[in-house]
Amino acid sequence: MPEQIPPRPAALRRHRDGFTWEGVERLAYKQDSAAPFRDVSRQILFSRPDLAGELRYFEIAPGGHSTLERHGHVHGVMVLRGRGRCLVGTRVDEIGERDLVTIPAWTWHQFRAAADAPLGFLCLVDAARDRPALPKPEDIAALRADPQVAAFLES
Ligand code: MN
């Protein structure tokens, strides 16, 4: 049997209307997880065995949010579309197009789209990475001790 060679994407893949690309499947975010999230899609833009990183594009619909989580790997994020807010540790910030967000290891984080705009962002990660951990009730309680974080989590 000949060795199975995984298909390689073309060197150039054009963007299509909106924020989709040729040869890139639009996936539901974390289909295999019970993690709480709302209205998030995921597209894997770059992922190959000879590249140590992966670049993904996530888009959160207006009013939606990503999972509140933390993990040992780092995220490098660039907002490409729309606006919203992000929680990184105990800090809440408004974010918009072309802003850069670094999520350090083992730091709680969540992204929320504005009520009237989507939030689309590129996310750079290690290809080999650990699975996210979800907050326990005591973690939520500790986060809520900060009024700004409590307001973010309730929004
Ligand atoms: Mn994460």
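This report walks through a predicted model of a protein with a manganese site, from its overall build to a few individual residues.

## Overall build

Let us start with the whole chain. The protein holds two helices and 10 strands, and along the sequence these elements follow the pattern β-β-β-β-β-β-β-β-β-β-α-α. Its radius of gyration is 17 Å, close to the 15 Å that the globule rule gives for 155 residues, so the protein is as compact as a globular protein of that length. Taken along the principal axes, the box filled by the C-alpha atoms is roughly 60 × 35 × 25 Å.

How do the residues and their contacts divide up? Of the 155 residues, 41% are buried. Among contacts with a separation of 6 or more, 64% are between residues 24 or more positions apart. The accessible surface of the protein amounts to about 9,300 Å², and carbon and sulfur atoms account for 55% of that area.

## Strands S3, S4 and S5

Three strands are worth following together here. Strand S3 (residues 27-28) pairs with S4 in the antiparallel sense, over two bridges. Within this pairing, leucine 27 stands opposite arginine 42 in S4.

On to the next partner: S4 (38-46) and S5 (53-65) run antiparallel and are joined by seven bridges. One of the facing pairs is valine 40 with isoleucine 60 in S5. S4 and S5 form a hairpin, with six residues between them. As general background for reading such pairings, side chains in a regular strand alternate between the two faces of the sheet.

## The loop at serine 47

Serine 47 sits in the loop between strand S4 and strand S5. Is serine 47 buried or exposed? Its relative accessibility is 40%, so serine 47 counts as partly exposed; the range for that class lies between 20% and 50%.

The side chain of serine 47 makes a polar contact of 3.0 Å with the side chain of glutamate 54, and residue 54 falls within the range of strand S5 (53-65). Looking further along the chain, serine 47 and aspartate 126 are 79 residues apart, while their C-alpha atoms are separated by 10.0 Å.

## The manganese site

Which residues coordinate the manganese ion? The donors are Glu69 (OE), His71 (NE2), His75 (NE2) and His109 (NE2), at 2.0 to 2.3 Å. Along the chain, they follow the spacing E-x1-H-x3-H-x33-H. Glutamate 69 lies in the loop between S5 and strand S6 (75-88), and histidine 109 is in strand S9 (residues 109-113), so this pair ties together parts that are 40 residues apart in sequence. Both glutamate 69 and histidine 109 are buried.

If you plan to examine the geometry, here is a general reference: ideal angles at a metal are 109.5 degrees for four tetrahedral donors, and 90 or 180 degrees for six octahedral ones.

## Histidine 73 and its surroundings

Histidine 73 is another residue of the loop between S5 and S6. Why does histidine 73 count as buried? Its relative accessibility is 6%, and the cut-off for buried is under 20%.

The side chains of histidine 73 and aspartate 130 are joined by a polar contact of 2.7 Å. Leaving aside neighbours within four places in sequence, histidine 73 is in contact with Ile103, Pro104, Ala105, Val125, Asp126, Arg129 and Asp130. Aspartate 126 thus appears twice in this report: in contact with histidine 73, and with its C-alpha atom 10.0 Å from that of serine 47.

Conventions
Residues numbered from 1 in each chain as written. Predicted model: local features only at pLDDT ≥ 70, side-chain atom pairs only at ≥ 80, totals over all residues. Heavy atoms only, no water. Helix = DSSP H or I, 4+ residues; strand = E, 2+ residues; numbered from the N terminus. Buried < 20%, exposed > 50% of the residue type's maximum accessible area, 1.4 Å probe, protein only. Polar contact = N/O pair within 3.5 Å; in protein donor to acceptor, adjacent residues only side chain to side chain. Donors = N, O, S within 2.8 Å, 3.2 Å for Na, K, Ca; no water. Pairing = 2+ DSSP bridges. Rg over C-alpha atoms; globule rule 2.2 N^0.38 Å. Contact = heavy atoms within 4.5 Å. Areas by Shrake-Rupley, 256 points an atom, 1.4 Å probe, with all protein chains shown as cover.
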